[in-house]
Amino acid sequence: MNVSSEPLKRNRFQSLTVLPFVLRWSFVAILVGVLSGVATAFFLHSLAWVTAFRDGHRLIILLLPLAGLGIGWTYQQYGAAVESGSDLIIDEVHDPRAVIPLRTTPLILFATLVTHLFGGSAGREGTAVQMGASLADRLTKPFRLSNDGRKLLLMAGMSAGFGSVFGTPIAGTIFGLEVLSVGSLRFDALLPCLVAALVGDRVTQALGFAHEAYSFVVPALTTAGLLTAVVAGALFGLTGRCFSTLTHVITERSKAAFKRPALRPAFGGVVVVVLVFVFGFGRYVGLGTGILKESFVTRVFPWDFAGKLLLTAITLGFGFKGGEVTPLFFIGATLGNVLGALPGSPLSSATLAGIGFVAVFAGAANTPLACTVLAMEIFGASMGPFAAVGCVVSYLFSGDAGIYHSQRIGVPKIQSPGEKVL
């Protein structure tokens, strides 16, 4: 990465020249936040309804193959250009080409709700991020934004979607800056991302959605505790890497095996149904927030993290929609719960569940800063040091590849001895 060695030039009029930027982008970002917040609130309320309906009618999971056929056919007919989802958004930030089609929002909303209604194992952040960015892109032409301006707009939409879907606006801000490139941040988008994420979160809450709450006692900092977080972070990073690799392998091989795209999620639905009704994977359908909460208060099964990992990789790899983040929260929290139950662990199961909650995602998405702040917004500031250690170590152990194909390498995670960094 090339960095200029020239000293910063002082500009006595800088405060005046920055004012138009602040006013314009604050106004644009507020609009982005409102659009994203309204869309996210509708999505989350709808998701809660379909989840409750599925839990009350468990046999509906048998129809998942037909639901997969419907999703596959819909995207084949109307959504081929936007099927890559979050990767499309990241690609457009890197290399702006065309305004993201408006149909992205209803398509991903429909496909995610259908996936959850019929028992697929998926998340929700992918939907919120795609809706936020695609709705934000509607403002490109009215505000006559250049390609550089459009990049900021899309990043603001991503931040608003992420911040509003989890109720973590500061983490959402950093996520929009950090997810584009491994090892580098774009601070030119800091203001619009922050404003959009804050507004999006407030709008979602104002429309009546209450996010999940987690409460446990975070222990005092000790050397043994921090060393435990280091070891756990390495395991969380390897787990995130396993999830990313397995999902990508299933995606590539299923695409090669099915020449008709609509048949791919249909077959994936059959696999999920068999796993649920024959092998007892019913615990892992949907978001899995029930078991996720249990991991902070009681013992969970030692294999829960592996079961959720496998079912989610199959669901998403075969073309169902939703996202990866909440399943990664589940995987990390349940794995942390198991690690905390080992004899002699200096950290409790709840504390390690909290570290795993964010660290597996940090490794899989290559976003350690956003995930550290995410932990503090959800669990409290005292969780910061443990989360930071777990997330950074997970990030290092997860490798360069992650859940987002379009993510680029800005700065390698590991520098060779003697290699010039700047």
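A salt bridge here is a side-chain nitrogen of Lys or Arg within 4 Å of a carboxyl oxygen of Asp or Glu. The model is predicted, so local features need pLDDT of at least 70 and side-chain atom pairs count only at pLDDT 80 or more, while totals for chains, interfaces and linings use all residues. Residues are numbered from 1 along each chain as its sequence is written, and side-chain values use heavy atoms, leaving out hydrogens and water.

**Exercise 1. Find which acidic side chains form salt bridges with Arg150, and say where the partners sit.**

Step 1: Asp137 and Arg150 meet through their side chains at 2.8 Å, N to O. Asp137 is in the loop between helix 5 (125–136) and helix 6, Arg150 is in helix 6, and 13 residues separate them. Helices are DSSP runs (H or I, at least four residues), numbered from the N terminus.

Step 2: Glu92 also forms a salt bridge with Arg150, and their closest N and O atoms are 2.8 Å apart. This pair links helix 3 (residues 86–94), home of Glu92, with helix 6 (residues 147–166), home of Arg150, across 58 residues.

Step 3: Now check burial (buried is under 20% relative accessible area, exposed over 50%, partly exposed in between, with a 1.4 Å probe and protein chains only). Arg150 is buried at 4%, Glu92 is buried at 7%, and Asp137 is buried at 1%.

**Exercise 2. Decide whether Asp304 and Arg283 are buried or exposed, or in between.**

Step 1: Their side chains form a salt bridge with an N to O distance of 2.7 Å. Asp304 lies in helix 12 (residues 304–317) and Arg283 in the loop between helix 10 (263–277) and helix 11 (289–294), so the bridge ties together parts 21 residues apart in sequence.

Step 2: Asp304 has 0% relative accessibility and counts as buried, whereas Arg283, at 30%, counts as partly exposed.

Step 3: For the wider tally, the count comes to nine salt bridges. Arg54, Asp55 and Arg58 are linked in a salt-bridge network.

**Exercise 3. Describe how helix 14 packs with helix 16.**

Step 1: Helix 14 (residues 349–365) and helix 16 (residues 384–397) pack at about 30°, with axes 8 Å apart. That makes the two helices roughly parallel (angles under 35 degrees; over 145 is roughly antiparallel, 65 to 115 roughly perpendicular, the rest oblique).

Step 2: Contacts (heavy atoms within 4.5 Å) include Ile355 and Val358 of helix 14, and Phe386 and Tyr395 of helix 16. The contact residues divide into nine nonpolar, three polar and no charged.

Key. Axes are lines fitted to C-alpha atoms, for helices over the stretch in contact, and angles run from 0 to 180 degrees between N-to-C directions. Ala, Val, Leu, Ile, Met, Phe, Trp, Tyr, Cys and Pro count as nonpolar, Asp, Glu, Lys and Arg as charged, and the others, Gly among them, as polar.
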